[in-house]
Amino acid sequence: MIITGAVLGGLVAAGFAGDRYAATSAADRLAERLRCAAGLTEPPEVTLGGIPFLTQLARGRFDEVRVTAASVTVGRFSGGLRATARQVRTAGDAFQAASLTVTATMSYAGTAASTGVAGLSGLGYDGAGRLRMAVTTQVLGRDVPVVVHAVPEIAGDALVVRPVEVEIPVIGVRLPAAQLGEKAAPRTIPLPELPGGLHYRGAEAAEDGLRITVDGTDVAVPRDTGTGATAGGGAGRDCGENRR
């Protein structure tokens, strides 16, 4: 019984190891495909969830696919990206997912530079879940540096930065942002157009940058069509062998 148990345990372990090796190999190939499609200089990190993987491979449907990329550029916006797709399958010339959630994190310096919107200079995090913007306004006829605390929001396909509080460091006073008049008007920043089935869901100020969440259900992404993303001109490099 001991010998039989050891043999069976060894076979199970060998089968599990083989399954994990297949999953890792498939993840590496998918990462290379994504590098080509998105024009990344380095492959993203790809993890294929669900056990056993070989059963998923045989049926052509994968329980969960997670992708993490350190730097992706879409239009004038750049940042890190984390995506989770569930119930992914290949259908003709497209990958289909029952659900897809993407979180992009952009540095504050990069966000301020890429938008070109007045009033976003000195953009940062205020430590209390809001954006921090350094601006100058007139107080008693003098130009005084102030700090505007604002919340990021999503309105359709745009990012809205809405000031809520103003801090005047030189006199140690905090006021409602509305008292700044036009300087406290919300800033609206158009966001890149999304593929069909995806929608902007939320924006959040975090310590490591501005986070924007995108999600959707029954999403279809073309297999061999680029997304318009780039990261230093890597698109097309050695991609001819990665179409399968």
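What percentage of the 244 residues in the chain is buried? In this predicted model, buried residues make up 35% of the chain. The secondary structure comes to 3 helices and 13 strands. Among contacts with a separation of 6 or more, 49% join residues 24 or more positions apart.

Start with helix α1, which covers residues 2-38. Leu30 sits in this helix. Which residues does Leu30 contact, leaving aside neighbours within four places in sequence? They are Val46, Leu48 and Val65. Pro43 gives another reference point for Leu30. The two are 13 residues apart along the chain, and their C-alpha atoms are separated by 9.0 Å.

Now turn to Val46. Not counting residues up to four places away in sequence, Val46 touches Leu30. Ala27, Ala31 and Leu34 are also on its contact list. So are Val65, Arg66 and Val67. Val65 thus appears beside both residues: Leu30 is in contact with Val65, and Val46 touches Val65 too.

Both valines lead on to the largest nonpolar core. This core holds 40 residues. Val46, Val65, Leu100, Leu131 and Val148 touch the most other members. Which domains each give the core at least three residues? Domain 1 (1-106 + 193-198 + 216-222) is one, and domain 2 (108-190) is the other.

Next comes empty space. Rolling a probe the size of a water molecule over the atoms shows where such space is left. The second largest pocket has a volume of about 250 Å³. Its lining consists of 15 residues. Thr68, Leu81, Arg82, Ala83 and Thr103 lie nearest the centre of the pocket.

Which strands each supply at least two residues of this lining? β1 (45-49), β2 (61-74), β3 (77-91) and β4 (94-106) do. The largest share, 5 residues, comes from β3. By class, the lining of this pocket has 7 polar, 5 charged and 3 nonpolar residues.

Finish at helix α3, which spans residues 108-115. Ala109 has its place there. Is Ala109 buried or exposed? Exposed is the term for residues over 50% relative accessible area. Ala109 counts as exposed because its relative accessibility is 61%. Leu123 is a useful landmark for Ala109. These two residues are 14 apart in sequence, and 6.6 Å apart in space, C-alpha to C-alpha.

Definitions and conventions:
Residues are numbered from 1 along each chain as its sequence is written. This is a predicted model: local features need pLDDT of at least 70, side-chain atom pairs count only at pLDDT 80 or more; totals for chains, interfaces and linings use all residues. Side-chain values use heavy atoms; hydrogens and water are left out. Helices (H or I, at least four residues) and strands (E, at least two) are DSSP runs, numbered from the N terminus. Contact means heavy atoms within 4.5 Å. A nonpolar core is a set of buried Ala, Val, Leu, Ile, Met, Phe, Trp, Tyr and Cys residues joined through side-chain atoms within 4.5 Å. Buried means under 20% relative accessible area, exposed over 50%, partly exposed in between (1.4 Å probe, protein chains only). Domain bounds come from an automatic or database domain assignment. On a 1 Å grid over the protein atoms alone, a cavity is a set of points where a 1.4 Å probe fits but cannot get out, and a pocket is an open set with protein on both sides within 12 Å along at least five of seven lines; lining residues have an atom within 4 Å of a point. Grid points are joined across faces, edges and corners, and a volume is the space filled by probe spheres set on the points. Ala, Val, Leu, Ile, Met, Phe, Trp, Tyr, Cys and Pro count as nonpolar, Asp, Glu, Lys and Arg as charged, and the others, Gly among them, as polar.
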